[in-house]
Amino acid sequence: MNNLVEIGEAIKRSNRVLLCGHVMPDGDCLGSVLALGLTLERLGKKVIMGGPDPIPEIYHYLPGLDRFIVGKPPEYEYDTFIVLDCSIPERLGQGYQEFLNKDLVLINIDHHEGSQPFGDYQYTDPKAAAVGEIILDLLDVMKVQITIEAAVNLYTAIITDTGSFRYDNTTPGTHRRVALLLEMGIPATDINIHLYEEKPLAALKILGAALDTLTASPCGRVCWMTITREILHKAGALDEHTDGLINYARSIKGVEVGLLFREISNDLYKISFRSKNSVDVNKLAASFGGGGHTRAAGCVLQGDLKTIQEQIITAAILAAGGAGN
Ligand code: 5GP
Ligand code: MN
């Protein structure tokens, strides 16, 4: 692994940069890409920022988002490819994975547990609450000033990946970094309104429908919800409106592991895992081919819902120490 000085030097040598995050982008992925991309543009570099999947509407306020290209990246004579918040190459998605095989300087910055090292330059810090924290440190090491636009993006990255500082990835260093952003004068209240107080009606409808499916294991240690395409369509909701619903499964007294089973398409399911105190859901998700963090992880499985649920719920109950109850 490289240190941030080496990463900063490699970035300074670049001229034509392709910069991306992961599939199904979240606040950390988007905020980190935009903060770094906008800053590199100010340093006079040609930067293409993008990702394969559409941007959820709640992030439409992010400064610089009009510069973010959704879908395939344009063909161009890039010299450097920077990948953020991706634990494994597969999380890059189609259109971007191809660039791993091209003759570019590959720089990979991430904060997932058990991240697979890839890239000519690689920096992974699982203790960082968000890649946004690392980007803030990187820009500091590079001695480049950040603008308010970049700061808004970094603040978004950090508050979304820490659940507004509630998750146990939040450290004193997280608060110190955010204090710096606040001292710059970012409109924190407006950002929080955009993120949490302007939900479309459909997001509340799907919350109601998801809560209807809430089921607890007999031991009370595991709780899960299920969202099929039919449930989603009936609520008039989009996939992006299911973001955050899993937290309700975990928020119940006595529950250690919350699960959300979401049908992506026929016989293809996304499973989200969250834990409260003790279970390493990164390990749990990894045993089904996924990954993530100790308290938040995910995987995608093919098969019928009943079989998938049986396998995952059984493993979750065992991990949560609830077997036999
Ligand atoms: P979410 O449940 O919010 O989609 O994801 C929670 C965490 O798990 C994120 O940090 C994300 O990177 C990781 N994650 C989600 N889905 C997958 C997956 O299919 N594979 C891997 N390796 N990680 C995932
Ligand atoms: Mn992240």
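Between which two strands does the loop that holds Asp-267 lie? In this predicted model, Asp-267 is placed in the loop that runs between strand E9, residues 257-265, and strand E10. The backbone of Asp-267 has a phi near 60°, a positive value in a residue other than glycine. With a relative accessibility of 34%, Asp-267 counts as partly exposed, because a residue is called buried under 20% and exposed over 50%.

A positive phi in a residue other than glycine is also found at Ser-164, where the angle is near 55°. Ser-164 belongs to the loop between helix H4 (148-161) and helix H5 (172-183), and at 28% relative accessibility it is likewise classed as partly exposed. A positive phi, near 90°, occurs as well at Gly-44, the residue that follows helix H2.

Strand E10, which comes after the loop of Asp-267, spans residues 268-275 and is one of the elements that give two or more residues to the shell around ligand 1. The others are strand E11, residues 291-292, and strand E12, residues 296-302. The largest share of this shell is drawn from E12, which supplies 5 residues. The ligand has 16 residues around it, and those that come nearest are His-112, Lys-270, Ser-272, Arg-274 and Ala-297. By class, the shell is made up of 5 nonpolar, 8 polar and 3 charged residues. Both domains take part in the shell, since at least three residues come from domain 1 (4-196) and at least three from domain 2 (201-319).

Several side chains place polar atoms at short range from oxygen atoms of ligand 1. For Ser-272, which is among the nearest residues, a polar side-chain atom lies 2.7 Å from an oxygen atom of the ligand. In the case of Arg-91, an N or O atom of the side chain is 3.2 Å from a ligand oxygen, and for His-293 the corresponding separation between a side-chain N or O atom and an oxygen atom of ligand 1 is 3.2 Å. Taken alone, ligand 1 exposes 490 Å², and 83% of that area is buried by the protein.

Away from the ligand description, His-22 is located in the loop between strand E1, residues 16-20, and helix H2. With a relative accessible area of 4%, His-22 is buried, because this value falls under the 20% cut-off. The side chain of His-22 makes polar contacts with two acidic side chains, that of Asp-26 at 3.4 Å and that of Asp-85 at 3.1 Å. Across the chain, the C-alpha atoms of His-22 and Ile-308 are separated by 25 Å, the two residues being 286 positions apart in sequence.

Helix H2, which comes after the loop of His-22, covers residues 27-42 and reaches 22 Å from its first C-alpha to its last, a distance close to the 22 Å expected for its 16 residues at 1.5 Å a residue. This helix is mostly covered, with 14 of its 16 residues buried. A comparable description applies to helix H4, whose end C-alpha atoms are 20 Å apart, in agreement with the 20 Å that its 14 residues should span at 1.5 Å a residue. Helix H4 is also mostly covered, 12 of its 14 residues being buried; among them are Ala-150, Val-152, Leu-154, Tyr-155, Ile-158 and Asp-161.

Two further helices were examined through single residues. Ile-7 is found in helix H1, residues 4-13, and at 0% relative accessibility it counts as buried. Although Ile-7 and Ile-109 are 102 residues apart along the chain, their C-alpha atoms are separated by 8.9 Å. Lys-205, in contrast, is found in helix H7, residues 201-212, and counts as partly exposed at 48% relative accessibility. Lys-205 and Ala-237 are 32 residues apart in sequence, and the distance between them in space is 7.5 Å from C-alpha to C-alpha.

Conventions:
Residues numbered from 1 in each chain as written. Chains lettered and ligands numbered in written order. Predicted model: local features only at pLDDT ≥ 70, side-chain atom pairs only at ≥ 80, totals over all residues. Heavy atoms only, no water. Near = heavy atom within 4 Å. Polar contact = N/O pair within 3.5 Å; in protein donor to acceptor, adjacent residues only side chain to side chain. Areas by Shrake-Rupley, 256 points an atom, 1.4 Å probe, with all protein chains shown as cover. Helix = DSSP H or I, 4+ residues; strand = E, 2+ residues; numbered from the N terminus. Nonpolar A, V, L, I, M, F, W, Y, C, P; charged D, E, K, R; others polar. Expected span 1.5 Å × (residues − 1). Buried < 20%, exposed > 50% of the residue type's maximum accessible area, 1.4 Å probe, protein only.
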